[in-house]
Structure formats: structure tokens, C-alpha cells
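Me: I would like to learn how to read the features of a protein model step by step. Could you take me through one, giving the general idea before each case?

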Amino acid sequence: MHLMRTVVTKRSALILTGVLALAACGGPSTDAGTTTGASDAGGATATAERADPVEVGALTPRITLAHDGGVTTIDSADGAVLGSAELEGYLRLGPAGDGRHVMVAGSGGFSAFDTGLYEQAHGDHSHFYTVEPALTGLQVEASEPGHVVPHGDRTALFADGTGEITIFDPAGLAEGTLGDVVTVESDAPHHGVAVPLSDGGVLRTEGTADARTTVLVEDADGHEIARTDDCPGVHGEATAQPTASGDVVTLGCENGPVVYRDGAFHKVPVTTDYQRSGNQKGSEASPIVLADNKVEAEPAGGTEHPTSIALIDTRTDTMKTVELGSTYWFRSIDRGENGEALVLTADGELNIIDPESGEMLHEVPVIGEWSEPEEWQTAGPMMAVADGTAFVVDPQAKKLHMVDIASGEIYRELDLPVIPHEIQVTTGTPSGEVHVAGAGSEDSHEGHDHAEGEHEDHASDAGGAEDSHEGHDHAEGEGH
């Protein structure tokens with residue numbers, strides 16, 4: 001039996017309100033072949049029989065897709081369907097933080113989905129196991145579940161309907177628990193975000209359903225140590241390469257970004273009256289954060305379609321922009337394992353950019369032309385990154401293309417069994433790298449082990465047809 005510790009924090013006050021029992025449930029351990037269900041503080045229960053884990057010589061990344069009717073996991077090697085779960089409603093996917101599980105945000109809260117691959121260290125080498133993907137039965141109840149943010153060895157879940165934040169250790173998911181859980185309460189419900197910090201503290205937003213301007217940092221005891229109220233419309237966050245004194249976090253505002261560094265907030269000056277970077281991607285390998293660059297407070301038609309991206313330098317609190325000549329949206333930006341800035345634009349190209357210089361390293365034609373859909377929930381081109389590969393999805397063509405980020409080479413194409421609107425890729429390791437059995441921490445990524453004949457250019461898959469399904473500027477909640 002594990003206990004959930006509830007810490008209610010309002011500004012600098014720390015109040016213990018009690019404890020909630022959390023029964024063991026969820027995913028398989030290496031010596032268990034079944035999943036038993038239990039509720040998390042009264043959440044949903046589920047029980048599913050599963051085969052024993054199978055030891056394998058190496059792991060291949062698994063691709064989990066959210067679609068109408070549920071979630072489905074496929075093998076990145078051949079596209080084979082490995083497992084699925086039926087779920088109702090619109091589903092969002094977030095990384096749980098352990099490289100194995102995915103958090104599914106849907107009706108009622110956040111559910112843990114086991115993608116079924118993991119690495120187990122054994123002395124100077126590792127063993128690798130796979131099991132059929134499935135829901136674990138563990139659910140964190142949440143009204144309007146929103147952002148999922150893993151950082152360090154903890155993961156934060158934000159409930160927009162209450163402002164409540166649930167912080168847990170994802171290492172416990174393999175045993176079907178959340179470990180020692182901390183819940184933090186905001187002053188009011190709002191579309192917000194929280195980042196667990198490596199020193200045990202938390203960075204989080206404050207606001208209301210109508211407006212939000214505040215970001216604050218509290219230490220592990222709930223005492224406020226930093227605050228800024230100069231972040232109107234605060235949305236989106238990213239963590240960058242840390243400094244000697246700790247974590248570095250950026251957030252998007254409507255008057256330019258803000259950087260948390262060395263225990264204080266630093267405003268990034270911008271040249272326009274309105275500048276919103278509500279969707280951001282960071283990398284522990286880079287002090288630069290990639291963000292969208294919106295400069296129209298009241299865009300025609302209600303949605304701005306920027307053609308430039310922002311590169312925020314967290315060392316100097318400055319920002320520069322790079323013009324791409326084509327639009328993009330929140331699902332089409334990401335980072336490479338060496339910090340490369342990746343942007344899939346509406347001309348069908350994957351732009352691979354050096355974040356320090358802004359120089360274009362590769363322009364890779366991947367899919368046909370597309371346009372951002374009117375509704376952000378509609379399936380459209382999107383991307384995820386793992387093990388040095390950009391996994392580019394063209395949902396209307398039901399195709400997935402794998403691009404080697406270092407070379408800009410398309411090395412594999414898969415047919416998709418569903419039309420997905422979200423994607424997560426797991427490798428079995430929190431780092432997002434694939435390791436080789438018996439080789440310690442060596443990276444098996446070399447050359448991606450391409451099968452013969454997998455180097456064709458798949459640029460015109462969609463025949464140049466414009467994809468009309470992509471969009472997401474739900475004003476108050478961009479990118480969730």
C-alpha cells in the first residue's frame with residue numbers, strides 16, 4: 001500500500017490536509033503477468049490479463065497514436081499493431097517520464113497506458129523486455145485534464161478545471177503505483193502548467209479562467225522563492241540546459257517570453273507590442289528554446305499562421321527569429337537529441353535548424369503540402385522525436401515517415417492502421433535513446449539499422465495534395 005501525500009499550497013502557505021490511500025495497480029513488473037486495477041483517490045478501476053513479459057535482444061521504439069475510439073501502439077520497425085485500448089471522447093497523449101508509459105488525458109482524468117517495453121540494468125549490462133501494450137488501470141482523477149510535464153525524476157499533471165497539480169515519480173508506474181504523490185492547489189481554476197524542479201520545488205502558473213499573468217516558484221516546503229506577474233496570457237513552457245545553480249525554464253506570454261534562471265525570473269525584450277510564444281520545445285542539450293512566433297493580437301479569421309519561429313537564448317534573455325517561408329502549427333515543432341530545432345512546415349518540408357546560429361542544416365521534403373485545420377482537435381501533420389529520428393505523421397494519407405535528424409535522410413515509411421491526432425514515441429528508456437543488450441549504455445542508433453531499399457525519397461506521398469486538417473489556436477489554450 002502506498003500513501004498519497006496531499007500538500008495544499010496557496011502562495012507561501014503550506015497546509016497538510018490529510019492523506020489518501022493508493023492501492024497497487026497497473027503495469028506489469030518483470031515477474032508479473034497480470035495487471036490488477038485500483039482507483040487513485042476514487043478514480044476508475046480496471047483489470048486486464050496480460051501475457052508474461054518476453055526478454056528480447058534489443059528494443060525498437062514503439063509509436064502510440066491517439067485516434068477516434070482510443071489509442072493504438074505500433075512497432076516502428078514494421079508498423080505491426082502491438083496493442084490498443086478503446087476509450088471514448090477526445091484523447092490527448094503526454095510522456096509519463098519513464099520512457100515506457102504514456103499518460104492519456106481524457107474524460108475523467110489522466111490514465112496510464114503501458115506501451116510495453118523496458119530496460120532492466122544488470123551490473124555492467126542491461127536486459128530488455130516487451131509485453132503487450134495496455135491500459136494499466138491506474139487513473140488520476142482530474143477535471144479538464146491538461147498539461148503533462150515530466151522533468152528530472154518527477155512528472156506533473158495539471159487539471160484546468162480545478163487548478164490542482166499532481167506530482168508523482170514515474171518510476172513507480174512499472175509496479176502500478178504513483179509512489180509518493182504531492183498535490184498542489186492553485187488559487188483558482190485556469191488553463192495552466194506546472195514544472196517539477198530538480199531541487200524538489202515546483203514552478204507553476206496562477207490565474208483565473210478569464211486571465212492569467214503570474215508564474216511562481218515554490219521550494220519543496222511550499223515556500224515561494226520567485227514570482228513574476230509580467231506574463232499576460234501565460235501559456236506553454238520548456239526546460240533548457242541547466243546552469244550550475246539549477247533548472248532553466250521558459251514560458252510564453254503575450255508581451256514576450258520569460259525565463260526562470262538562477263532563482264529569478266528574467267523578461268525577454270521583444271520589438272513588437274504583442275509577441276506570443278505559446279508553444280515551446282526545449283532540450284537539456286541546448287540553452288536555446290524553440291518557440292512559435294505570433295505577433296498579431298487580433299489576427300484576421302481568429303488564427304494567426306506564422307512563418308517565422310523564435311529561438312530564445314536562456315543565457316542572455318534574448319530572442320531571435322528565423323523566417324521559414326511557410327507556415328507551421330503547434331504539433332509540428334520539436335527538438336533533436338543534440339538540440340536541433342525541428343519544424344515541419346506547410347510546404348511539406350522538415351526544417352532542421354542549428355539553434356545557436358539559426359542556420360538551416362537540412363530541408364527535407366517529407367509529405368505533400370498541407371494547411372492548418374480550423375479546429376485544433378482535427379487530425380493533421382505532426383511530429384515526435386526519439387533516438388535521433390523525427391517521426392513525421394501524415395494522418396490523412398495514413399503514413400508515417402522516419403527521418404534521420406543528423407543526415408536529413410528519410411529511411412523508412414510505414415502505413416498507419418488509424419487516422420491519428422496525437423503521437424508519442426517510447427524507447428524503454430527515459431533518455432529517448434535505444435540501448436543494445438550487453439553493451440552497457442552504448443547507443444544502438446548508429447545508422448538506424450536500415451533495411452535494404454529503405455532509402456527512397458518519400459517526399460511526394462500525398463501527391464502534393466494540400467492537407468486541410470491541421471490547426472490549433474484555441475486562443476486561451478494553445479497547445480494545451
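Reply: What follows is a conversation about salt bridges, a disulfide, a sheet and one buried serine, and the model we are reading is a predicted one.

Me: Let us begin with charged side chains: how many salt bridges does the structure hold?

Reply: The general idea is that a side-chain nitrogen of Lys or Arg must come within 4 Å of a carboxyl oxygen of Asp or Glu. By that rule the structure holds 14 salt bridges, and one of them joins the side chains of Arg92 and Glu422, with N to O at 2.3 Å. Arg92 belongs to strand β9 (residues 92-95) while Glu422 belongs to strand β39 (residues 420-426), so this pair ties together parts that are 330 residues apart in sequence.

Me: Which other side chain meets Glu422 in a salt bridge?

Reply: The side chain of Arg331 does, at 2.7 Å from N to O. Here too distant parts of the chain are linked, since Arg331 sits in the loop between β30 (318-323) and β31 (333-335), 91 residues from Glu422 in strand β39.

Me: Are Arg331 and Glu422 buried or exposed?

Reply: To decide this, we compare the relative accessible area with a cut-off, and a residue under 20% is called buried. Arg331 has 7% relative accessibility and therefore counts as buried, and Glu422 is buried because its relative accessible area is 6%. Arg92, the partner of Glu422 in the salt bridge described before, is also buried.

Me: Where does the pair of Glu413 and Lys399 lie in the chain?

Reply: Glu413 is in strand β38 (residues 409-415) and Lys399 is in strand β37 (residues 399-404), 14 residues apart. Their salt bridge has its closest N and O atoms 3.4 Å apart. For the accessibility of this pair, Glu413 counts as partly exposed at 26%, whereas Lys399 is buried with a relative accessible area of 19%.

Me: Next I would like to read a disulfide: which cysteines does it join?

Reply: The general idea is to look for two cysteine sulfur atoms within 2.5 Å of one another. A search of the whole structure finds one disulfide, and it joins Cys231 to Cys253 with an S to S distance of 1.9 Å. Cys231 lies in the loop between β22 (224-228) and β23 (235-243), and Cys253 in the loop between β24 (246-252) and β25 (258-261), so the bond ties together parts that are 22 residues apart in sequence. The torsion about the S-S bond is about -95°, which means that the disulfide is left-handed, and both Cys231 and Cys253 are buried.

Me: How should I read a sheet, and which strands stand at the edges of the one that contains β9?

Reply: A useful way is to read the order of the strands, which in this open sheet of four is β9-β10-β11-β14, with antiparallel pairing. The edges are β9 and β14 (134-141), each with a single partner strand, so one side of each is left without a neighbour in the sheet. From one strand to the next, the twist averages 30°. Within the sheet, strand β10 (residues 101-106) and strand β11 (residues 109-114) pair over six bridges, and Ala105 stands opposite Phe110 in β11.

Me: Finally, where does Ser286 lie?

Reply: Ser286 is in the loop between β27 (280-281) and β28 (288-292), and Ser286 is buried, because its relative accessible area is 4%. A polar atom of its side chain lies 3.0 Å from the backbone nitrogen of Ile288. Leaving aside neighbours within four places in sequence, Ser286 has contacts that include Ala240, Arg335 and Pro355.

Conventions. Residues are numbered from 1 along each chain as its sequence is written. This is a predicted model: local features need pLDDT of at least 70, side-chain atom pairs count only at pLDDT 80 or more; totals for chains, interfaces and linings use all residues. Side-chain values use heavy atoms; hydrogens and water are left out. Helices (H or I, at least four residues) and strands (E, at least two) are DSSP runs, numbered from the N terminus. Buried means under 20% relative accessible area, exposed over 50%, partly exposed in between (1.4 Å probe, protein chains only). A polar contact is a pair of N or O atoms within 3.5 Å; within protein, one must be able to donate a hydrogen and the other to accept it, and residues adjacent in sequence count only if both atoms are side-chain atoms. Contact means heavy atoms within 4.5 Å. Two strands pair if DSSP finds at least two bridges between them. Axes are lines fitted to C-alpha atoms, for helices over the stretch in contact, and angles run from 0 to 180 degrees between N-to-C directions.
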